[in-house]
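Visitor: Could you walk me through one part of this model up close? I'd like the packing in the main nonpolar core, with enough context to place it.

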Amino acid sequence: MVGAKDEPLSVTEAVQVAKGRVAQIPTMVVMGEVSGFRGPNARSGHCYFEVKDATASMATIAWRGVYQDFVEASGAQLRDGLQIQMVGAFDVYQNTGKLSFVAKRITVAGEGLLRQQVAELARKLEREGLMDPARKRHIPAFCTRVCVVTSLSGSVIEDVKRTLRRRNPLVQVDAVGCAVQGAHAPATIIRALGVAAASCPDAILLVRGGGSFEDLMCFNDEALARAVASCPVPVITGIGHEPDTSICDMVSDRRCSTPTAAAESVAPAMNEIETLISQRGVRLGNAMAAMLQTDAAAVDALGARAARSMEARLSRLAVFVDSLASRRCLTSPMSTLEDRRRTLDLTGERLHASIPKSLARSRDRVDDEARHLFLAGKGLLRPYQTSVARHAATLDALSPLRVLGRGYALARDAEGHVLSSASQVQVGDSISVLLGEGRLGATVTSAGDAAS
């Protein structure tokens, strides 16, 4: 203790004494609820807040690096009411002499731990692509039939039906009951989604009224999230209220803030539909008019091109026809026949003139060849003529006619047989006698032997 007679301390010295004593307090682990959160500071990034329990409160500082580590590790942000667990030590700020707890590491506790688990699951499913907008299915702008998956004992189903009747009474509503709170709820919701999808509606509304974070934890179940993502029918969620966001909201095809908003999203009001149809009718008319105008301009351009092309073709055909018309066969059809007749006359004259010449040439050629043949024949016959002459001389020497020439005669009977004996005829027979020159006919007057 400082005595009354001791020298008084300055404020700075007093704060430094306190700071030194506080620095001797060892590092500790403190758990409490965040209150009066301010930060992160726009310039420094540091956070300032109170951590309290039922009977006490202490000022707390989280430097920028510590806070960033907490956000990255937990996926959450510091806010009032969040239960946290801190590792750190007390310190005294010299400028104000204020005692503060400086956190060196922060983790969530209680609800904060659940939020950390939900954040880790969300990051896991995001890495797998279940939250990718490109994966989400198209939801028809005008649903004719929807199936509501929710608890049939609460007021939510009636609110959804009332909203759909008010917005568009043409929408058909089916409902499949399930539990929407508690440990067994995810399994019943998965089963209800299967039943709803089997009926092939245009969309499925997965809805639940508001509640605490713990009440809505069933919609952060991994198996349920995968069932929503793999459902063959588009799923629209309306779970809790605007601040509440579950894993099912993240993987669904459309997230709405409330069940009523989910119902409104699939049932446009009739007046909105009429307005939309009118607007689209006007747009369609304008588009059709623009299309017709464009097509008309294109048709006009094509017509002009066709006219120019036809004119050019007709011009070429006219030139061709004129060239044909100027041909002699068309201007004087008989001229061709006259030319052919004159050609035939000339050909006939040449033919008549050439025949005698051809015959004379042929005759001269034949005479020449005949002369050659005659000379050749004489040459070929000469040896045979000599042989024939020799044989003829021999035959002539042996010929009976030569004997007849010396005064002998040759007698033949009436049948032409040569008579060599008088006994061959009788008196009165006619005979012929061949002399050396001429022939005689005679009648036998006597016949006898030569001796007699």
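Visitor: To start with, among contacts in the chain between residues at least 6 apart in sequence, what percentage join residues at least 24 apart? And then, which residues touch the most other members of the largest nonpolar core?

Guide: The figure is 60%: that is the part of the contacts between residues at least 6 apart that joins residues at least 24 apart, with contact meaning heavy atoms within 4.5 Å. Bear in mind that this is a predicted model, where local features need pLDDT of at least 70 and side-chain atom pairs count only at pLDDT 80 or more, while totals for chains, interfaces and linings use all residues. Numbering runs from 1 along each chain as its sequence is written, and side-chain values use heavy atoms, with hydrogens and water left out.

Some context before we zoom in. The chain has 12 helices and 13 strands (DSSP runs numbered from the N terminus: H or I of at least four residues, E of at least two). Its radius of gyration is 73 Å, whereas a compact globule of 452 residues would be near 22 Å (C-alpha atoms only; the rule is 2.2 Å times the number of residues to the power 0.38). Along the principal axes, the C-alpha atoms fill a box of roughly 240 × 70 × 60 Å. Of the 452 residues, 29% count as buried (under 20% relative accessible area; exposed is over 50%, partly exposed in between, with a 1.4 Å probe and protein chains only).

Now the core itself. The largest one holds 35 residues, and the members that touch the most others are Leu125, Val149, Leu193, Ile204, Phe219, Val228 and Val251. A nonpolar core here is a set of buried Ala, Val, Leu, Ile, Met, Phe, Trp, Tyr and Cys residues joined through side-chain atoms within 4.5 Å. Two or more residues come from each of helix 3 (111–127), strand 6 (145–150), helix 5 (185–198), strand 8 (203–208), helix 6 (222–230), strand 9 (235–239) and helix 7 (247–251). Helix 5 gives the largest share, 6 residues.

Take Ile204 as a way in. Leaving aside neighbours within four places in sequence, Ile204 is in contact with Cys147 and Val149, with Leu193, Ala196 and Ala197, and with Cys231, Val233, Pro234, Val235 and Ile236. Apart from this core lies another, of 19 residues, among them Val34, Leu78, Leu82 and Ala103. As background, nonpolar side chains in soluble globular proteins tend to be buried together.

Back to helix 5, where Ala185 sits. Ala185 counts as buried because its relative accessibility is 0%. Beyond residues up to four places away in sequence, Ala185 touches Ala179, Val180 and Cys218. Its C-alpha is 8.6 Å from that of Phe219, 34 residues apart along the chain, and Phe219 is on the list of best-connected core members above.

Follow the chain out of helix 5 and you get to Cys200, in the loop that leads to strand 8. Cys200 has a phi near 55°, a positive value in a residue other than glycine. Most residues other than glycine have a negative phi, and most peptide bonds are trans. Cys200 is exposed, so classed because its relative accessibility is 58%. Elsewhere, a cis peptide bond joins Gly39 and Pro40, with omega about -5°; Pro40 lies in the loop between strand 1 (28–38) and strand 2 (47–52).

For contrast, look at two spots outside helix 5. Ser100, in strand 5 (residues 98–108), counts as buried at 9% relative accessibility. Neighbours within four places aside, Ser100 is in contact with Ala59, Ile61, Ala89, Phe90 and Asp91. Ala23, in helix 1 (residues 11–23), is exposed, with a relative accessible area of 59%. The C-alpha atoms of Ala23 and Ser246 are separated by 44 Å, with their positions 223 residues apart along the chain.
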